[in-house]
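The following paragraphs lead the reader through one protein structure, from single residues and their pairings to the overall fold. The sequence and the coordinates should be kept in view throughout.

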Amino acid sequence: MIALVTGANRGIGREVARQPAAAGHTVLVTARPAEAAAETARDVGPNARPLRLDVTSEADITAAARDIDALDVLVNNAAITYDTWQRATTADLDVVREAAETNLYAPWRLVKALRRD
């Protein structure tokens, strides 16, 4: 099995990447900084492969889709905190737009780009 985990350099994403790698599966661990992806891959183990990926970057998504030959599992873990306590009438729409771009549209674009028919 080959899995790709976005936002794998910390927290839940790191653990989600660690478990299948420990079971002998290949895991592509992603992070925005290449160094963070490389460090995570070293820590996760020999079955982890680093991949620099900013999920909000169309160019990064296109490059990842081009470079990945096969994929069995995609875990869209990368996300940012959304200011949920804002009121609709006074919300900072730049914050809302950034959260929607990262948490909704980016995973959607990644799924579309990695789809193999």
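Glu58 counts as partly exposed, because its relative accessibility is 46%, a value between the 20% and 50% cut-offs that bound this class. The model in which Glu58 is seen is a predicted one. The side chain of Glu58 meets that of Arg109 in a salt bridge, with a distance of 3.4 Å from N to O. Glu58 belongs to helix α3 (residues 58-67) and Arg109 to helix α4, so this salt bridge ties together parts of the chain that lie 51 residues apart in sequence. Arg109 is likewise assigned to the partly exposed class, because its relative accessibility is 28%. The pairing also has a wider setting, for Glu58, Glu101 and Arg109 are linked in a network of salt bridges.

Side chains of opposite charge can pair when their charged atoms come close. In the whole structure, a search finds seven salt bridges. One of them joins the side chains of Arg14 and Asp43, with 2.6 Å from N to O. This pair links distant parts of the chain, since Arg14 is in helix α1 and Asp43 is in helix α2 (residues 34-44), with their positions 29 residues apart. Arg14 has a relative accessible area of 26% and is therefore partly exposed. Asp43, at 48% relative accessibility, also counts as partly exposed.

A further salt bridge is formed within a single helix. The side chains of Asp94 and Arg97 meet at 3.0 Å, N to O. Both residues lie in helix α4 and are three residues apart, which is about one turn of the helix. Asp94 and Arg97 are both exposed.

Helix α4 merits closer attention. Is Thr102, a residue of this helix, buried or exposed? Thr102 is buried, because its relative accessible area is 8%, and the class is defined by a value under 20%. The helix that holds Thr102 covers residues 93-114. When neighbours within four places in sequence are set aside, the contacts of Thr102 are Val55, Thr56, Ala78, Ala79, Ile80 and Pro107. Leu104 is another residue of helix α4, but with a relative accessibility of 44% Leu104 counts as partly exposed. On the surface, Leu104 joins Tyr105 and Trp108 in a nonpolar patch, and the three residues together have about 330 Å² of accessible area.

Two of the contacts of Thr102, Ala78 and Ala79, reappear in the description of the largest pocket. Rolling a probe the size of a water molecule over the atoms shows where empty space is left. The largest pocket holds about 420 Å³ of space. Its lining consists of 20 residues, and those nearest the centre are Gly7, Arg10, Arg32, Ala78 and Ala79. Two or more lining residues are given by each of the elements α1 (11-22), β2 (26-31) and α4. Which element supplies the largest share of the lining? That share comes from α1, which gives three residues.

Strand β3 offers another local view. Pro50 is placed in this strand, which comprises residues 48-52. Pro50 counts as partly exposed, because its relative accessibility is 45%. Apart from neighbours within four places in sequence, Pro50 is in contact with Val29, Ala37, Ala38 and Ala41. Thr40 is ten residues from Pro50 along the chain, and the C-alpha atoms of these two residues are separated by 7.4 Å.

These local features can now be placed in the architecture of the protein. It has four helices and four strands, and from the N terminus on the elements run β-α-β-α-β-α-β-α. The C-alpha trace spans about 50 × 30 × 20 Å along its principal axes. Of the 117 residues, 33% count as buried. The protein exposes about 7,200 Å², and carbon and sulfur atoms supply 52% of this area. Among contacts with a separation of 6 or more, 49% are between residues 24 or more positions apart. The salt bridge between Glu58 and Arg109, with its 51 residues of separation in sequence, and its place between helices α3 and α4, returns the reader to the starting point.

Key:
Residues are numbered from 1 along each chain as its sequence is written. This is a predicted model: local features need pLDDT of at least 70, side-chain atom pairs count only at pLDDT 80 or more; totals for chains, interfaces and linings use all residues. Side-chain values use heavy atoms; hydrogens and water are left out. Buried means under 20% relative accessible area, exposed over 50%, partly exposed in between (1.4 Å probe, protein chains only). Contact means heavy atoms within 4.5 Å. Patches are made of residues with over 30% relative accessible area and no salt bridge: like charges are joined within 9 Å, nonpolar side chains (Val, Leu, Ile, Met, Phe, Trp, Tyr) within 5 Å. Accessible areas come from the Shrake-Rupley method with a 1.4 Å probe; for residues, only the protein chains shown count as cover. A salt bridge is a side-chain nitrogen of Lys or Arg within 4 Å of a carboxyl oxygen of Asp or Glu. On a 1 Å grid over the protein atoms alone, a cavity is a set of points where a 1.4 Å probe fits but cannot get out, and a pocket is an open set with protein on both sides within 12 Å along at least five of seven lines; lining residues have an atom within 4 Å of a point. Grid points are joined across faces, edges and corners, and a volume is the space filled by probe spheres set on the points.
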